[in-house]
Amino acid sequence: MFQKTKVGLAAAMLVGGAGLVAGAAQAQSTDQRVEITGSRILSIGAQSPAPIQVLTSEDIAKSGVANVQELLLKLPSLGQPAISRTNSNFSTASAGVATVDLRDLGTDRTLVLVNGRRYIAGVPGSAAVDLNTIPTDFVERVEILTGGASATYGSDAMAGVVNIILKKAFTGVTIDVQYGESEKGDDKKGKASVTTGLVSADGRSHVMAHFGYSKQGAVFSKDRAGNEVDNISTAFLTGDAADLFNFTTPFLSSFSPRGRIFFDTNGAAAGGGTSRTFDAQGNIITVNTNGAGGATPTGFNRQEFRTIAIPTERYLFATKGEVAFAENHSVFFEGNYAQTQTRTRLEPFPMDSADGTGGLYPATGIGPAEFRVGAQILANPLIPAGLLALMTDTDGDGLKDYSFTRRLSEFGNRGNVADRDTFRALAGIKGTVAKVWDYEWFLGYGATKESQVSSGQVNVLNFRNAMEAIPDVNDIDGDGNLTEAICIDAQARTQGCVPANIFGAGNISAAALQYITAPGLLATFTSQKQTGGIVRGEPFSGPAGPVSLAAGFEWREEFSRSEFDPLQQAGLNAGNAIPRTEGEFHVSEVYGEVRVPLLKNLPGVRSLVFNGALRGANYSTVGSVSSWTAGLEWSPMADLRIRGTSAQSTRAPNINELFSPPSQNFPQVLDPCDGVTLADTSTLGQRCRAAPGVLANMNANGGVFTLNQADLQGTSGFDRGNPLVQEEVGKSWTLGIVYTPSFMRNLSVELDFFNIDIKDAIVSTPRQFLLNQCYTGDTSFCQFITRRPANVGANSAGSLARVDTAVSNSGGLTSEGFDLTLNYAERIGPGRLNSRLAYTRLEKGSVVPAAGSAPDPYAGEVGAAKDKFALSLGYSMGPFSVATTTTYIGKSAIDDQLLAEFGVPAGSITVPAKTYLDLQLNYTLGKSTFYFGMDNALGTKPPRFDTNALITGASTGTGTASDVYDAIGRRYYVGVRLAL
């Protein structure tokens, strides 16, 4: 219903608009005033007061990208995205969404606009826009404004603005067809689009539309060198930081499809107790997870099933138009509809009878092997006799029991199929009054709807019923078989309970699977209602030129709801417990902007202009907030312009930050107590031993706190919002020069310094920081940490059961550096050269994880290299042209907090710089352009990290930081663009 309704409405907008274009007859005078980039002001020939980078439609066409995110991520001012198709395979929601993050200050601090107006969020509960929903062929240019811009554009513009400007008018029909794949034969990409438009004879009315389809295939972890088998950085085994880039392979999961049975829980989790598994023939054998001593490994290789890049399929429709109805007055509209489907795939579920992963017996991890039925003691007949003989009574109830871990391969791979529908419609009226004032009013509505089905999950309650089986000695089912297994719970039997045989690979029957399987469901809905108006003009002139004014208002209402199925919400499907999240807010805003020429044509002052903006907003959640910007532009001569801005920006908390209930996560953390001894008299040693489980572990392991493989491969925790969180405030300044030498008219040089400092930042305190503080600093953070008091299943006594975190205004963020942009074009030989260099130096970048704590510097670390640049070169000669983009990511250090765990100084261990080359060749024949392109033409390999993502910045299963570096490899594509 949602899809049909929105497509129908969008089509009606196009058809109606086309009819109006065809019938328009009145002429409209050409307005020479245009909106200044990065401003709301209209002026003639004015330039931006703030640093701006612009990507044109030609840049997009010559990149061959499927969405705008792929091109934006090549810019050095962009940080690693929160979500992309190469870092979201393990996401429980929003996998494959395409977001952007300016200055590495967080996606929610980058405001994405379309034609200067808000766009519906693609991630429930946030303001993050899914760039998959904006067709690349419909884009005229993308303006990237860095630095605080809340006064001009509103909340969320703490780091800056990405303003996507759609094409204003288009005539004719353009068809673009493209196909590509990687050199490994995967990452297949197909793309087809049709863009069409009409312009009235007088040029004052126009309408255009776009229909597009694209499909990007999967890239699996097993198909990339170094990723075929589970591994771990050897440093986490030896404690020596020099081993960070040495890898122990295999380092398999101890959760095997054959099952691992613990029947002496007092010692098993610490590695000295008794457990057994099964060989391929079902014989009982000892456990040898990684095949030590040349034995056959009993562990499980998760990399065989994991995904580096998830497949994404999109259908796009977009339309826009403007129709004049009177002299200097017109109506306009914009419409978008996008249907996106993404598929994730990862290994089958690891079931644990204990806690931490939605276990069957979360309190103790112990399940019964025997049952008291009247005067009889009956054993589960599915348990092999040899295994039952080894079991004992560990909980004192007089009955044998056991714990287990098992990979649920019979249930198939985990993963989800998500269908997202995004719709946006906006219409308004604009015009000019008295040849002085321009006005505009608009009304818009947008919605994103997601339906997700997850596979490979189970109903924990049913699984527990199916595990508790006895022989049918009383012939309850009347078939005469007194030895067959039946579920002991009579009510469960009436509901279809079938015993589950977990003892050996492939032994769970189809009937048991049907009873236990519980596909996960997720439904989300996000909506945005908005209206706004603006009046702007140049009502009078001063001695130095016309004074430009702009004033306007905006009203917006945001709503979001995310709701998993009841089992997921309660954590009863063996996965994350994620409750329903729902919330809304509305905000009313007024703003004003002014541009005042102060001096002109004086000695040393060719021009001096003041720019200022002020915005006041009232939120239903945090109340009144304000933002402002002040700037000067000084041109001492025609060739040189000096510009500077100072700004205060604000960001109100989003729906997730305010209203999210505790939601379960499984983060990767390092336990500070690992390796601590009974003899350690330091603060760390004393605080670790204060935990009963840690002390018991030491006593059982020769005085050393020892963690096993299961402990290293996962810890649970809960994330939660905070309805009391307030707005964050950022101060920023920029100072730069623009040099266009008269002796070289085709050269421009822009150098801009920037500084962004955010106080009272809305953050979820990092878990590693919580752990480090608890054991070496502020003990108040210990309230977020839960340790196991005793061995539980595969986990050791004292190991981390949970590390929770919550949202608060306790953080701070800083980013400081400079941008250098060079543009040069010249006719060389028989053709023309176009070039652009964009370089960013990140001098300082730090995070304050909690109030009163020291800043944690991140500048120069993986994901935030100090030096990055993008060099674009193009050469055209007649019908031929070639375009190349060279992207450089400088040498980066491993996270200083991780290095501190190994006792080595920050910056002492680094990953090398990486350089990528993309190119495209074009040949134009008549109205057709044929093109061939290569991405990562040099075949640059990413730095290798462990597949468990214990090295900070890595993405699980990809073996690298796949949102920073190219984890796919060399790719080719061909296409043709036809103009009809």
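Select asparagine 328 in this predicted model: its place is in the loop between strand E18 (312-326) and strand E19 (329-343). The backbone deserves attention here, for asparagine 328 has a positive phi of about 65° although it is not a glycine. Most residues other than glycine have a negative phi, and most peptide bonds are trans. With a relative accessibility of 16%, asparagine 328 counts as buried, because buried means under 20%.

Select alanine 434 next. This residue is found in the loop between strand E25 (415-433) and strand E26 (437-455). Alanine 434 likewise has a positive phi, of about 55°, although it is not a glycine. Is alanine 434 buried or exposed? Its relative accessible area is 62%, and alanine 434 is therefore exposed, the limit being over 50%.

A further backbone feature is at proline 250, in the loop between strand E13 (247-248) and strand E14 (260-262). Display the peptide bond from threonine 249 to proline 250: the bond is cis, with omega near 0°.

Now select residues 370-379 to show a hairpin. Strand E22 (residues 370-373) and strand E23 (residues 376-379) run antiparallel and are joined by four bridges. Across the pair, arginine 372 stands opposite isoleucine 377 in E23. Two residues lie between the strands of this hairpin, and glycine 374 takes a positive phi near 65°.

Proceed to glycine 386, which lies in helix H6 (residues 385-390). Glycine 386 has a relative accessible area of 42% and is partly exposed. Add asparagine 283 to the selection: the two residues are 103 residues apart along the chain, yet their C-alpha atoms are separated by 9.4 Å.

Colour helix H7 (residues 460-467) next. Six of its eight residues are buried, so H7 is largely enclosed by the rest of the structure. The buried residues to display are Val460, Asn462, Phe463, Asn465, Ala466 and Met467. What covers them? Among the covering elements are strand E20 (350-352), strand E24 (401-407), strand E27 (469-471) and strand E28 (485-487), together with helix H8 (490-494) and helix H9 (510-516).

Helix H15 (residues 767-776) is also mostly covered, with eight of its 10 residues buried. To see them, select Arg767, Gln768, Phe769, Leu770, Leu771, Asn772, Cys774 and Tyr775.

The next stop is an open sheet of five strands, whose order is E3-E6-E7-E4-E5 and whose pairing is mixed. Strand E3 (52-56) and strand E5 (117-118) are the edge strands, each pairing on one side only. At the E5 edge, E4 and E5 pair in the antiparallel sense over two bridges. Valine 114 stands opposite arginine 117 in E5.

Keep the sheet in view and turn to the side chains. In soluble globular proteins, nonpolar side chains tend to be buried together. Which residues of the largest nonpolar core touch the most other members? Of its 40 residues, these are Leu72, Leu131, Ile134, Val142, Val162 and Ile164. Two or more residues each come from helix H3 (68-72), strand E4 (110-114), strand E6 (139-146), strand E7 (160-166) and strand E38 (747-764). E38 supplies the largest share of this core, four residues. Apart from it lies another core, of 33 residues, including Tyr361, Ile383, Phe404 and Val460.

Return to valine 142 and display its surroundings. Leaving aside residues up to four places away in sequence, valine 142 touches Gln53, Val54, Leu55, Val68, Leu72, Val162, Asn163 and Ile164.

Then move to glutamine 80, in the loop between H3 and E4. Glutamine 80 is partly exposed, with a relative accessible area of 24%. Not counting residues up to four places away in sequence, glutamine 80 touches Asp101, Asp104, Val862, Gly863, Asp963 and Val964. Its C-alpha atom and that of threonine 107, 27 residues apart along the chain, are separated by 9.3 Å.

The tour ends on the surface. Select Tyr179, Leu921, Phe932, Tyr972 and Val974, which form a nonpolar patch with about 430 Å² of accessible area together. Within this group, valine 974 is found in strand E50 (residues 971-979). Valine 974 is partly exposed, with a relative accessible area of 44%.

Terms used
Residues numbered from 1 in each chain as written. Predicted model: local features only at pLDDT ≥ 70, side-chain atom pairs only at ≥ 80, totals over all residues. Heavy atoms only, no water. Patch = residues over 30% accessible without salt bridge, like charges linked within 9 Å, V, L, I, M, F, W, Y side chains within 5 Å. Areas by Shrake-Rupley, 256 points an atom, 1.4 Å probe, with all protein chains shown as cover. Salt bridge = Lys/Arg side-chain N within 4 Å of Asp/Glu carboxyl O. Buried < 20%, exposed > 50% of the residue type's maximum accessible area, 1.4 Å probe, protein only. Pairing = 2+ DSSP bridges. Core = buried A, V, L, I, M, F, W, Y, C linked by side-chain atoms within 4.5 Å. Contact = heavy atoms within 4.5 Å.
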